[in-house]
Amino acid sequence: MNTLMVQGTTSDAGKSTLVAGLCRAFQRRGVKVVPFKPQNMALNSAVTPDGGEIGRAQALQAIAAKVPLSTDLNPILLKPNSDTGAQVIVHGRALSNMEAAGYHDYKKVAMQAVLTSHQRLSEQYALCVVEGAGSPAEINLRENDIANMGFACEVDCPVIIIADIDKGGVFAHLVGTLALLSEYEQSLVKGFVINRFRGDIALLQSGLDWLEQHTGKPVLGVLPYLHDLALDAEDAVTMANRIDCPEVKVAVLLLPHISNHTDFDTLRLDPKVDLRYVRHTETIGAADLVIIPGSKNVLNDLAFLRAEGWDHELQRHVRYGGKVLGICGGFQMLGNSICDPEQIESTLGTIKGLGLAEFDTKLTRNKTLTQVQANCLLNAQQTPLNGYEIHCGISQGPALARPFIQFVAHPSRWQTDGFISEDNQLAGTYLHGLFDSPEGLTCVLLWASEGRYSGGGFNLAEHREQQLERLADMCETHLDIDKILAISEQRTT
């Protein structure tokens, strides 16, 4: 298997998007290509068919390459649960929580997991397009690196470096990054890509010529600023959708440790929905539906919610006829209490819930990771939908006698999930992906809007496919794909 690595001068330089675009462009040409990211730090994750967990960006890249999801696509996933610590997930399974210093020492072991996955992929695919993490020039992280040049050196693969010109200083970013690499690492770099260019390309040409002459490395293309490209975000919360005359107004509480906010991409893209993230110091304001999202640190995020005064606003919102939906950690917050006796997510022990529904939650070390088929029971109907679960904890109590979800297929003994309040104002579920299908989206928005939503829910899968084709078209037009393919076939030594 040939291996090509994409590294960036900074975070958010466009690595994830470029890998997705290259995967689709190569796939169009009949190349059996697979995406790979040795180490990912993100709170957006996806569940593989075998019940593992990988970064959301790698799931999108797999769709671009038209290959099945596998934990080998992202063997090390770090999910931050504090400013200095994270849950470490190896080959799709949670290993433990580690502080930054402890994980730094663990990297030698993690590299073996990375190389094992890469080897397995090499037995199935002709080309592996690898995404780096952050920047290879973080000199304080060079020792035992598995995410950037440490991996590239280990497998002896060519590297392309991408930089975002929209941030400014693109030539300094590229030249400075190269200068901070060792001589051998510099030899791995086979070219540059400049991302998010706006304006007359002729005005950039003298800079490109200088860059090639100064570094001896070719510029493989300049990608334009692609307006309104809407693809699953790796980690950063995507801007909300504000429209003038919406059929439904939705507010999502932006918690410090919000996870899987890709749940709300469809709401953001639906032209009939006004979606707003309620941020620190802001009030909830007018909304038909308030969503409490998933969280990687439920107890601390609940404490944050209270400190913002959102608990009182939620009570007022319900009194005045508004709807509230809790998803995963947000669902747990709606109950009477959350107990974390083994300090899985925090050291708070037990914390009082919002008390809006009669149930209690206990966090456990056994993490539920599964894809499911289910029927949503809102609106006194059974609406079929697919979703996935990623959570630590079991919720029990009388409120759950009125379930939100009835499972069609679930690997555990559970037959139902979540709750719908007797007054039909509140609901909660562990299920992510509620809005990913038009049927699920329409079901929830009809409930939230008391029937005002006109239906025909936004089709996320179709939209994602259109965006990937658009991205691949851009890569084919503005990159030297033939040269990049030739680079991928080179051995660096």
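Q: What are helices and strands here, before we start?
A: Helices, of type H or I with at least four residues, and strands, of type E with at least two, are DSSP runs, and they are numbered from the N terminus. Keep in mind that the model is predicted.

Q: OK, which residues does UniProt list for the nucleotide binding domain?
A: An unreviewed UniProt entry lists residues 4-230 for "domain: CobQ/CobB/MinD/ParA nucleotide binding".

Q: And how much of the span 4-230 is helix, and how much strand?
A: The span is 36% helix and 27% strand, and the C-alpha atoms at its two ends lie 25 Å apart.

Q: Let me pick Glu131, then: is it buried or exposed?
A: Glu131 has a relative accessible area of 1%, and because buried means under 20%, it counts as buried. Its place is in strand β9, which covers residues 127-131.

Q: Which side chains does the side chain of Glu131 make a polar contact with?
A: There is a polar contact of 2.9 Å with the side chain of Lys37, and another, of 3.2 Å, joins the side chains of Glu131 and Gln58. The backbone also brings a distant stretch of chain alongside, in that Glu131 and Val6 are 125 residues apart along the chain while their C-alpha atoms are separated by 5.1 Å.

Q: Changing topic, where does UniProt place the "active site"?
A: The feature "active site" is placed by an unreviewed UniProt entry at Cys328 and His432. They span 105 residues in sequence, yet their C-alpha atoms are no more than 7.3 Å apart, so they gather at one spot. Both Cys328 and His432 are also included in the lining of the largest cavity.

Q: Where is Cys328 found, and what is it in contact with?
A: Cys328 is found in the loop between β18 (323-327) and α11 (329-333), and at 6% relative accessibility it counts as buried. Leaving aside its neighbours within four places in sequence, Cys328 is in contact with Gly294, Ile390, His391, Thr429, Tyr430 and His432.

Q: What about the place of His432?
A: His432 sits in the loop between β26 (426-429) and α12 (438-448), and it is buried, with a relative accessible area of 1%. Among the residues it touches, beyond those up to four places away in sequence, are Asn260, Ile327, Cys328 and Gly387. Its side chain also makes a polar contact of 2.7 Å with the side chain of Asp263.

Q: Now the nonpolar parts: how many residues has the largest nonpolar core?
A: The largest nonpolar core has 82 residues, and those with the most contacts inside it are Leu18, Phe26, Ile76, Tyr103 and Leu479. Helix α3, residues 100-122, gives the most to this core, with 8 residues. Apart from this core lies another, of 72 residues, which includes Ala230, Leu253, Ala399 and Phe435.

Q: Why would residues like that sit together?
A: In soluble globular proteins, nonpolar side chains tend to be buried together.

Q: And which residues does Leu479 touch?
A: Not counting residues up to four places away in sequence, Leu479 touches Leu18, Leu22, Val193, Leu220, Gly221, Leu223, Met474 and Ile484.

Q: Last one, Thr364: which strand, and which contacts?
A: Thr364 lies in strand β21, residues 360-376, and its contacts, leaving aside neighbours within four places in sequence, are Ile344, Cys392 and Gly393. At 19% relative accessibility, Thr364 counts as buried, because the cut-off for buried is under 20%.

Methods
Residues are numbered from 1 along each chain as its sequence is written. This is a predicted model: local features need pLDDT of at least 70, side-chain atom pairs count only at pLDDT 80 or more; totals for chains, interfaces and linings use all residues. Side-chain values use heavy atoms; hydrogens and water are left out. Buried means under 20% relative accessible area, exposed over 50%, partly exposed in between (1.4 Å probe, protein chains only). Contact means heavy atoms within 4.5 Å. UniProt positions are given in the numbering used here, feature names are shortened, and annotations may be inferred rather than shown by experiment. On a 1 Å grid over the protein atoms alone, a cavity is a set of points where a 1.4 Å probe fits but cannot get out, and a pocket is an open set with protein on both sides within 12 Å along at least five of seven lines; lining residues have an atom within 4 Å of a point. A polar contact is a pair of N or O atoms within 3.5 Å; within protein, one must be able to donate a hydrogen and the other to accept it, and residues adjacent in sequence count only if both atoms are side-chain atoms. A nonpolar core is a set of buried Ala, Val, Leu, Ile, Met, Phe, Trp, Tyr and Cys residues joined through side-chain atoms within 4.5 Å.
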